[in-house]
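Here are a few exercises to work through with the model open in your viewer. Try each task before reading its solution.

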Amino acid sequence: MAKDVWIIAEQRDGVLRKISFELASTARKLADELGEEVCAVLLGNGVTAGAKDLAKYGVDKIFVADDAIFAPYTTDAHSEAVAKLVKEKEPAIILLGASSQGKDLSSRLAGKLATGLATDCTDVKIAAGKMVAVRPVYAGKCFVEVQSATNPQLASLRPNVFPVVEKAGAGEVIATEIAIDPAQLKTKVLEVQKDASGRVDLTEALVIVSGGRGMGGPGGYAALEELAGILNATVGASRAAVDSGWRPQTDQVGQTGKVVSPNLYIACGISGAIQHLAGMSSSKYIVAINKDSEAPIFSKADYGIVEDLFKVIPELTKECKILMG
Amino acid sequence: MNIIACIKQVPDTEAQIRVKADGSGIEETGIKWVMNAYDEYGVEEALRLKEKNGGEVTVVSLGPARVMETLRTALAMGADKGIHISDPALEDADAYVTASALAAAIKQTPYDIIFCGQRAIDDDAGQVGSILAELLGIPQITVVTKLDVDGTVAKAIRPIEGAQLLIQASLPCLVTTQKGLNEPRYASLPGIMKAKKKPVDVKDAASLGVALDKKLRVLRFVSPPARAAGKIISGDDPAAKAASLAKLLREEAKVI
Amino acid sequence: MEQAKFYVGHEGRQIFWNVESFEALLFIFAAVAILIFGYGIYQRWQLWKAIGKPEVRNDKILQRLNLLLKYGFFQVKTWRQAYPGIMHGLIFFGFFILIFGTFFDSLEFHVTEPLGFIFLIGKFYLYFSLAMEIFGLAILVGIVMALYRRYITKPDFLGYKGENDNQPDDAIVLLLIGGIIITGFMLEALRITATMPPWEVWSFGGWWLAKAFAGMSEENVKMLHKIAWWTHSLLTFGFIGYIPYSRLLHIITSPANIFLASLQPKGYLEPIRDFETAESFGVGKLEDFTWKQIFDSDACTRCGRCQEGCPAYLSGKPLSPKKVIQDLKNYWLAKAKTVVAAQKAAAAGKEGAIDQAGLDKVLPGEVVDLHELWACTNCMYCMEHCPVLIEHIPKIIGMRQYKVLTEADFAPELQLTYRNMENNSNPWGMGAHTRADWAKELDVKILADDPNVEYLFYVGCSGSFDERGKKVAVSLSRILQAAGVSFGILGTEEGCCGDSAMRGGNEYLYQAMAQANIETMNGYGVKKIITMCPHGYNALKKDYPHFGGNFEVYHHTEIIADLLAKGKITLKKQLTGRFTYHDSCFLGRYNDIFTQPRTILQAVPGLELVEMERNRTKAFCCGAGGGRMWMEEDQGERINDMRTDQAIAAQADTVAVACPFCLTMLSDGIKDRQKEESMAALDIAEIVWSAMGMEEKE
């Protein structure tokens, strides 16, 4: 009989990532409704020390498999390890983060365990003893409520959506031996290239902070870079800024530049002519900051601030810093 | 080299998405159907591998009759043949069933590498590729922005938060493709005309022996709360407005 | 007739005085010259026949003769540039009249005199002599003007990017003609010196020159006369023989090209009909052109009028219409010669004897540089001003079609544009279902609800999706409603007109969109259409008929001008300011609509209308046509900024336009030049609605 809510915790270089705490808090909430336990699976190398931090957020048991074979992350090692544990202990629900690693792992697990997976969920709840997950589809134009027909019920949670709630759990750290045959691993991480800027390319960025004619010159972009740093965003530019030589052509967003589709596009000092819109209109959320209230961008923006952008951006950076922790 | 590219036909990204009154799905009338953008990178990469190493590119797709048009688009780009898995029983297949059907079809043909888009822009689920790799028992590299295939080894760049991984996998393997991997080519007119005559095998669930029981059930579709037409944020001063904005982005839009 | 037989009241001259004995020789030389000429023409003829698909250009002879008269004889296009127009006119009409002179002399000597009468006599002879004199001098003046222009002034017309393209042949031809005229005057002067009839003062040039030989002995005069006469004759025969081997060939090819001109409406493009079986589309190899498209290049005299107004050239792009034509010509000559030689060798049984290496080039890229090919905005300045009616644009579009349809090798920005058109029927990729949103509040009829309207207002993509363009659509709708015009829109059933796809080489996509629109329009029984965009106007009016779309199409300036004239709308509100009107290429040069917009503007009370230097047929393009709206401009200056500078130079505070592309381009230009505080670009519909003073009623 499957029971308990599990989370697959995520760590980087031995430090637990924030998503792990979000998973823990959510798992705790579900487990409380079911009257069951929350267990975490933590795979990595040199992770035992930090494992008990999960107890703060409601985790009862933490299965730690501390071995060099688990770092860096490979699909084969982690999915094999988790699958083994799952087959042994039969959890009812498993939550993972919808991070790069989590998406890769959760989908492979869905295949390995031949079970249902809800990806990138924005909400999970219990109904009649089973998990119902809510997730966006069609780029968030609508949502679906889904449920796995089999156990374990898998769900990956969208980062930065679920609250982190401190609630003490039993926090028992259990060192776990999982035998993985290295010869079975068919993928290898050859190199980890840390981004010097940490910036993703415009076309893949989830958040973009973009500056146009209203920036008045190259100097103003320093403020945008700072905001982008806090939001883990990439900085873009309109054609006017590129033409004036303030930003390189590779930063240009628009009909004749790059077409982007981030979750959030913050347009600073951009009027919003159609050639620019054609490059970013499929952004999920558009914010416009422009001192011209007549600028066409306001008709497309979800949130607009009619104000001198140089007064707003530093304040926004401050606020976001606080929010992002 | 034998290369397979899995493609999915989805609504155009600008299509109006309206949830049916009974919540069972979306209204399909008037929708413009196109190839999933992420799958295009897969088809393009497949064609480039073929141009470099020789061989054949097969495109596979699961879906109703209208999917044939998208298969022809891939053939027009230069793929050699197609497999169309079409069966009313598979109409609302979930990721597992879809992957099972694809696996059954693909097992019948030799392959060195398989491409899938990293996700489909309709369900945004991103599972089929990985499940398919698992069912075929081959390694996967997902969300790839650069690929090099040399003999029996594939090396790929895969971005993660704050870094890029250089991953190696032995062939045969499955790669899911991400924006930036390549620029998909525009089909030439001779290509479009030739595509009409290229072979497409049509298969149904029975002939593939696919188990139809779904692992993930869709309970219902829900419209999001009507998005406000866009609000101009008011406040006493820039600081107040900025604070309001940050709050809205975190709590209402949930994008930061 | 003997010189001595003439006297005052019975003036004349002895034809062939002093040289009658050479007549037989003359005929021999003439025959030789004509043979050389004939052979040259024959060789050229073979080259003209050698390559190119068939095309019918010898229909409607009367219309063609009319064109020949207008452009070939009266040369109305050459006059548009004053200096070279006069220069060429002097030479051309000079020759025309002088040839009559020689003809009359021969006629009298060989035909009428033997038959018993002469006509070069008395008053007629005097006026005849005067005419010869004047036109002979005219030619001389023309030659001096030409030499001065080409070798002293060296305008960019006769060059490319500051380097002149003079060839030795240019000087030879001018000096040859100069020599013929000068020796002609000399021998006349010598004859006058020897025979001294008093009426020869009518030949004032020769009369004046005769003074130089006054002191000479009669024998020397006669000998000098013979020498001058022979020189003159040999130079003339040399001229005739030289025609096919020099730029003088334009004497034949230019009028021929005018005769063979397209009788289709301006800007006509032949649609591709066969998509199914053809292996290649558009123009990849020289053979893909029709024979006429190739012949065009042989009529080109490198006059440079095309280049002088080409917006791409003037803004620093490598494109020059003249260069494109000359590059094609040079390649054609090289290739056609080998083709003809190969044909001869094959006929003689020696297959494969001719080396054709390097002559199987792909024109776009290998003969015409791709940067040149894609820089064209299709503005038609070149075709409008070419005196010999060369058709540059269909060649460019043909080559673009090859790049797009056959090779699928073209700019990524265009790829995006084409995809957007395919998926959402507009170049920006905005959701197709939002196409009619602009009209929601306006009580505008949708044909799906009620097709019983007089006009279809074909809004177009800009009016439907671009915030700026929507304002124009709204203004126009309000004007039409106020005037009581019965109209409706297709709403979400409307599709992109396809003009950008067509001119960007994607004929396949264009036809798909056009056919969809035509089907919808015919389904509603649409007869009359009003457009707000000249590109849509041109496509619907001239290109849609190919696919069964036969409608009466009007541009909104035509409709508004008509409404004003009929008093259906009145302009009461004053709009002060200096307005200048920017002629859209697709409205002006393509469709000759120059007057209506100006009439409208002049009807606005208080409005001061000034003209930019380049206006009407010489208007400077805004830079958006030919698919350029969707592409990056990465070389030289921005075309729209240059046009904005021209508006600034005219000291206008408002630029009035009648096209959404021009509106965007000029608005951007004003921003680039940082003149937003003092200048604005407005569509005529917006101006008219404002001047109607009805906004307060909103």
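Two strands pair if DSSP finds at least two bridges between them; helices (H or I, at least four residues) and strands (E, at least two) are DSSP runs, numbered from the N terminus. This is a predicted model, so local features need pLDDT of at least 70, side-chain atom pairs count only at pLDDT 80 or more, and totals for chains, interfaces and linings use all residues. Residues are numbered from 1 along each chain as its sequence is written, while chains are lettered from A and ligands numbered from 1 in the order in which they are written.

**Exercise 1. Trace the open sheet of five strands in chain C.**

Step one: get the order. The strands run 3-5-4-6-7, with parallel pairing.
Step two: find the edges. Strand 3 (445-446) and strand 7 (552-555) of chain C each pair on one side only.
Step three: look inside. Strand 4 (residues 455-458) and strand 6 (residues 528-531) of chain C run parallel and are joined by four bridges. For C:Y458, the bridge partner in strand 6 is C:T531.

**Exercise 2. Check the span of helix 16 of chain C, and say how enclosed it is.**

Start with the length: the expected span is 1.5 Å times one less than the number of residues. For the 15 residues of helix 16 (residues 392-406) of chain C that gives 21 Å, and the end C-alpha atoms are indeed 21 Å apart.
Now burial. Call a residue buried if 20 or more other C-beta atoms lie within 10 Å of its own, exposed if 12 or fewer, and partly exposed in between, with C-beta atoms placed from the backbone. In helix 16 of chain C, 14 of the 15 residues are buried, so the helix is largely enclosed by the rest of the structure.
Finally, step past the end: C:A408, just after this helix, has a positive phi of about 50°.
For the wider setting, buried residues make up 45% of the 698 residues in chain C.

**Exercise 3. Describe the two contacts that chain B makes, with chain A and with chain C.**

Count two residues as in contact if their C-beta atoms, placed from the backbone, lie within 7 Å.
Take chain A to begin with: 69 residues of chain B meet 76 residues of chain A. Helix 7 of chain B gives the most to the chain B side, with ten residues. That side divides into 39 nonpolar, 14 polar and 16 charged residues. (Ala, Val, Leu, Ile, Met, Phe, Trp, Tyr, Cys and Pro count as nonpolar, Asp, Glu, Lys and Arg as charged, and the others, Gly among them, as polar.)
Strands link these chains too: strand 13 (residues 187-194) of chain A and strand 10 of chain B run antiparallel, joined by seven bridges. One pair to click on is A:K194 with B:A163.
Then chain C: here the contact takes 13 residues from chain B and 19 from chain C. Helix 5 (residues 189-195) of chain B has the largest share of the chain B side, three residues.

**Exercise 4. Which residues have the most contacts inside the largest nonpolar core?**

A nonpolar core is a set of buried Ala, Val, Leu, Ile, Met, Phe, Trp, Tyr and Cys residues joined through C-beta atoms within 7 Å. The largest has 332 residues, and A:A40, A:V287 and B:A5 have the most contacts inside it. Helix 3 (residues 95-107) of chain B gives the most to this core, with nine residues. Another core, of 29 residues, lies apart from it and includes C:I139 and C:W207.
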